[in-house]
Amino acid sequence: MAKQRIDHDRLFKELLSTFFEEFLLLFFPNVYEHIDVRHLSFLTEELFTDVTAGEKHRVDLLVETKMKGEDGLVIVHVEHQSYAQRTFPERMFLYFSRLFQKYRRRILPIAIFSYDEHHDEPSSLVVQFPFLTVLDFRYLTVELRKLPWRAYIRQDNPVAAALLSKMGYNEEEKVDVKKEFLRMLVRLELDEAKQRLLFGFFETYLRRSEEEEAKRRNEVSQMETKEAKRVMELIVSYEQRGLEKGIQQGIEQGIKQGMKQGMKQGRQEGIEEGKLDVVKRMLAKGYDVDTIHELTGLPVEKIERVKG
């Protein structure tokens, strides 16, 4: 089966547009201090064509706002980059020039780099002669892989929580990163939709083996009782939603397969197949039979058969 392609730009756009204030506060507190966050407005996507390269590029995030104490509008342009690109500074300048041509406003460009390699990204594009500097274009940057993840776990910031998954941890620290992410999520006390967004973002980028998942569950159980209870409730709630989604997919698949044999039979088979698939995944993650029975409603005997 082909590996599913991750739409990095969509994920980052969803995260940053939902928590734009928190993003600025986390990485650019000086910018946050001057921006009037009461006047944030997200602009429609801009699509630019590079005639020379024959490529089309879509600007990731444009936010219209005001500076405190000023009447005029400004634009914050945030561009996410998931791979190293030698010509990236040129692209940032081209975006800037075309946006300025259209809006004729001050534009603050920000680049956020999320790829796993360690690479020194420039934050400017300079065009000069021995006798004249024609252009000195600068933009703000965030290089996630260079950030020490432990420095962010005490911040009650949802962007910090999600982006732990892309910061500078090693393979031996993956379980600790997930544990601290869960602690942060519990402290934030967000509504269900925002919790789901952060959980989904984190899980997309930090995947663990069955052994690592079992270790994580063991470490959670050793937390202080109240904290452990809240973390486990969060995990079960999220995986319950995954269970329901899996069952629904099973229903839909079963209905499609059952069209020739009858809708009723197809629906029942779909429900059963969906539940059994989820049971296998829950067993692999270390859930005990009683918990699986409680969440799925399947008989203990049937779960034991799947297990054994």
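Is R104 buried or exposed in this structure? Good morning, colleagues. R104 is exposed, with a relative accessible area of 59%. Before I go further, I should state that the model before you is a predicted one.

Let me stay with R104 for a moment. R104 sits in the loop between α4 and β6. Its backbone deserves attention: R104 has a positive phi of about 55 degrees, although R104 is not a glycine. As background, most residues other than glycine have a negative phi. A second residue of this kind is E189, whose phi is also positive, near 50 degrees, and which again is not a glycine. E189 belongs to the loop between α6, residues 174–188, and α7. With a relative accessible area of 59%, E189 is exposed.

I turn now to the salt bridges. As a general point, side chains of opposite charge can pair when their charged atoms come close. In this model the count comes to 16 salt bridges, and I shall discuss some of them.

One is formed by R10 and E14, whose side chains meet at 3.4 Å, N to O. Why are R10 and E14 separated by about one helical turn? The reason is that they stand four residues apart in helix α1, which covers residues 8–18. R10 counts as partly exposed, at 46% relative accessibility, and E14 is likewise partly exposed, at 35%.

Another salt bridge joins E64 to R105, and here the closest N and O atoms are 2.2 Å apart. E64 lies in strand β4, while R105 lies in the loop between α4, residues 88–103, and β6, residues 106–113, so this pair ties together parts that are 41 residues apart in sequence. How accessible are the two partners? E64 is buried, with a relative accessible area of 15%, whereas R105 is partly exposed, with 25%. You will recall that R104, discussed at the outset, lies in the loop between α4 and β6 as well.

A further pair is K146 and D120, whose side chains meet in a salt bridge of 2.6 Å, N to O. K146 is placed in the loop between β9, residues 140–143, and α5, residues 158–163, and D120 in the loop between β6 and β7, so the pair connects parts that are 26 residues apart in sequence. K146 is partly exposed, at 37% relative accessibility, while D120 is exposed, at 64%. Which residues are linked with K146 in a network of salt bridges? They are D120 and E143.

Let us return to strand β4, where we met E64. This strand runs over residues 61–67 and also contains T65. T65 is buried, with a relative accessible area of 0%. What does the side chain of T65 reach? It reaches the backbone oxygen of D36, at 3.0 Å.

A second buried residue to note is Y205, with a relative accessible area of 13%. Y205 lies in helix α7, which spans residues 192–205. Y205 and L163 are 42 residues apart in sequence, and their C-alpha atoms are 9.1 Å apart in space.

I come finally to the surface, where I shall describe two patches. The first is nonpolar, has an area of about 520 Å², and is made by V127, F129, F131, L132 and V134. Which elements give two or more residues to this nonpolar patch? They are β7, residues 124–129, and β8, residues 132–138. L132 is found in strand β8 and counts as partly exposed, at 46% relative accessibility.

The second patch is negative, and it is formed by D288, D290, E301 and E304. D288 has its place in the loop between α10, residues 263–284, and α11, residues 289–296. With a relative accessible area of 43%, D288 is partly exposed.

To close, let me recall the main points. R104 and E189 have positive phi values without being glycines. Salt bridges join E64 to R105 and K146 to D120, and both pairs tie together parts that are apart in sequence. On the surface there are a nonpolar patch that includes L132 and a negative patch that includes D288. Thank you for your attention.

Definitions and conventions. Residues are numbered from 1 along each chain as its sequence is written. This is a predicted model: local features need pLDDT of at least 70, side-chain atom pairs count only at pLDDT 80 or more; totals for chains, interfaces and linings use all residues. Side-chain values use heavy atoms; hydrogens and water are left out. Patches are made of residues with over 30% relative accessible area and no salt bridge: like charges are joined within 9 Å, nonpolar side chains (Val, Leu, Ile, Met, Phe, Trp, Tyr) within 5 Å. Accessible areas come from the Shrake-Rupley method with a 1.4 Å probe; for residues, only the protein chains shown count as cover. A salt bridge is a side-chain nitrogen of Lys or Arg within 4 Å of a carboxyl oxygen of Asp or Glu. Lys and Arg count as positive and Asp and Glu as negative; His and the chain ends are not counted. The place of a charge is taken as NZ of Lys, CZ of Arg, CG of Asp or CD of Glu. Buried means under 20% relative accessible area, exposed over 50%, partly exposed in between (1.4 Å probe, protein chains only). A polar contact is a pair of N or O atoms within 3.5 Å; within protein, one must be able to donate a hydrogen and the other to accept it, and residues adjacent in sequence count only if both atoms are side-chain atoms.
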